[in-house]
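Trainee: Hi, could you walk me through this one? I'd like to start with how the strands go together.

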Amino acid sequence: MKSCNFSYYDPNTVSEVVSLISRHENAKLLAGGQSLVPMLNFRILSPEHIVDLNKVSDLFGIKENGNHLRIGSMTRQSELLNSPLIIQSSPLISRALGYVGHDQTRNRGTIGGSLCHLDPAAELCVVASAYNAELTVTGKKGDRVIAMSDWPVDFLTPALDHDEILTNIRITPWQGSHGFCFIEFARREGDFAIVAVAVLIEITDHVISKASIALGGVAAGPVRLHDVETLLTGQSPGQELFKEAGLLAKKVDAMSDINYSTNYRKRLSGTLTERALHGAMAQFKGEEEGHA
Ligand SMILES: Cc1cc2nc3c(=O)[nH]c(=O)nc-3n(C[C@H](O)[C@H](O)[C@H](O)COP(=O)(O)OP(=O)(O)OC[C@H]3O[C@@H](n4cnc5c(N)ncnc54)[C@H](O)[C@@H]3O)c2cc1C
């Protein structure tokens, strides 16, 4: 099928974008088009207006700003995957991107598009949750900053009004000595994950001083495992502790769909969390073997 007819606009500035989407209620923003265009062609969406963000130069790029990174919403996934700044400061992002689609989709797909599309299993949403990302959205009334924990409102629905645009994503890299791991289980390479997990653990004097664990694929948005983080904090890392963490992760409130049951997703959550904790420790000790 082909998309319905629409009017097309290609503004140069954020204020022009905001003005267009404020005037036209049934408008959609076009970023990399990797999710939007299939949805148009399948007529899941039938907007009357398409506002293309590809000429809005202010939305592109990664900037270091004090102790945090400011990533423009139109920054391509391939740029994030290969950015020395990201690899050095927030490596979980580039690690997760290795699982997002394929070279071709990453060359067009953007971080903002992924966060706004909000697929339940989107790797970038999981990582944004693990890093407690803050999202700046801009509308007629100015800017709002939304914590990643408040971003998912429902299935494929972020906390974004129809006349707002996601402009940038703020990530605070972990400074202390820490390990990280991202793993997922999918039917085929490049497919959306059935369950994905991102782990960050900070180690101080042989003890876990901070932990962040986020799951994807179990609910409409990423789920932080706060009870597992609490269990780990203050403990010495090791096989028994990680096993216990996996058992606790298995209790997550997981959704079911026509393909996979709640129980299957719970079991995957437990197994992958335990495995990712071992992966993060191996990475911390420099024992990591290739791709986790
Ligand atoms: C073959 C294939 C495999 C894929 N595999 C994966 C995968 O494994 N994991 C994964 O996460 N994704 C995967 N995707 C999906 C895809 O990579 C991302 O969802 C997609 O990149 C979204 O980003 P985009 O820039 O293409 O956004 P678009 O498709 O252009 O937009 C997506 C949605 O976000 C809105 N939007 C975009 N930017 C903004 C903004 N700045 N402000 C407000 N709203 C905005 C659009 O209006 C639209 O509703 C795959 C896609 C394909 C085609």
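Mentor: Happy to! Some terms before we look: two strands pair if DSSP finds at least two bridges between them. Helices (H or I, at least four residues) and strands (E, at least two) are DSSP runs, numbered from the N terminus. The model is predicted, so local features need pLDDT of at least 70 and side-chain atom pairs count only at pLDDT 80 or more, while totals for chains, interfaces and linings use all residues. Residues are numbered from 1 along each chain as its sequence is written, and side-chain values use heavy atoms, with hydrogens and water left out.

Trainee: Got it. How many bridges join E11 and E12?

Mentor: E11 pairs with strand E12 (residues 195-204) over 8 bridges, in the antiparallel sense. As one pair in detail, Glu184 has Ala196 in E12 as its bridge partner.

Trainee: And which strands are at the edges of that sheet?

Mentor: The open sheet has 4 strands in the order E11-E12-E13-E14, with antiparallel pairing. Strand E11 (178-185) and strand E14 (223-224) are the edge strands, each pairing on one side only.

Trainee: Which helix touches E14?

Mentor: That is helix H8 (residues 123-130), which packs on the sheet and touches E11, E12, strand E13 (207-216) and E14. Contact here means heavy atoms within 4.5 Å. The direction of H8 makes about 150° with that of E13; axes are lines fitted to C-alpha atoms, for helices over the stretch in contact, and angles run from 0 to 180 degrees between N-to-C directions. Helix H11 (residues 262-285) packs on the sheet too, touching E11, E12 and E13, at about 145° to the direction of E11.

Trainee: Nice. Switching to the ligand, which residues come nearest?

Mentor: Leu29, Ser35, Leu36, Thr110 and Glu123 do, out of 30 residues around the ligand, counting a residue if one of its heavy atoms lies within 4 Å.

Trainee: What does the side chain of Ser35 do there?

Mentor: An N or O atom in that side chain sits 2.6 Å from an oxygen atom of the ligand. Gln34 brings a backbone N or O atom to 2.8 Å from a ligand oxygen. The protein covers 89% of the 960 Å² of accessible area that the ligand has on its own, by the Shrake-Rupley method with a 1.4 Å probe.

Trainee: Last one: how many residues lie between E6 and E7?

Mentor: There are 2 residues between them, in a hairpin. Strand E6 (residues 134-139) and strand E7 (residues 142-147) are antiparallel, with 6 bridges, and Thr136 stands opposite Val145 in E7.

Note on methods
A polar contact is a pair of N or O atoms within 3.5 Å; within protein, one must be able to donate a hydrogen and the other to accept it, and residues adjacent in sequence count only if both atoms are side-chain atoms.
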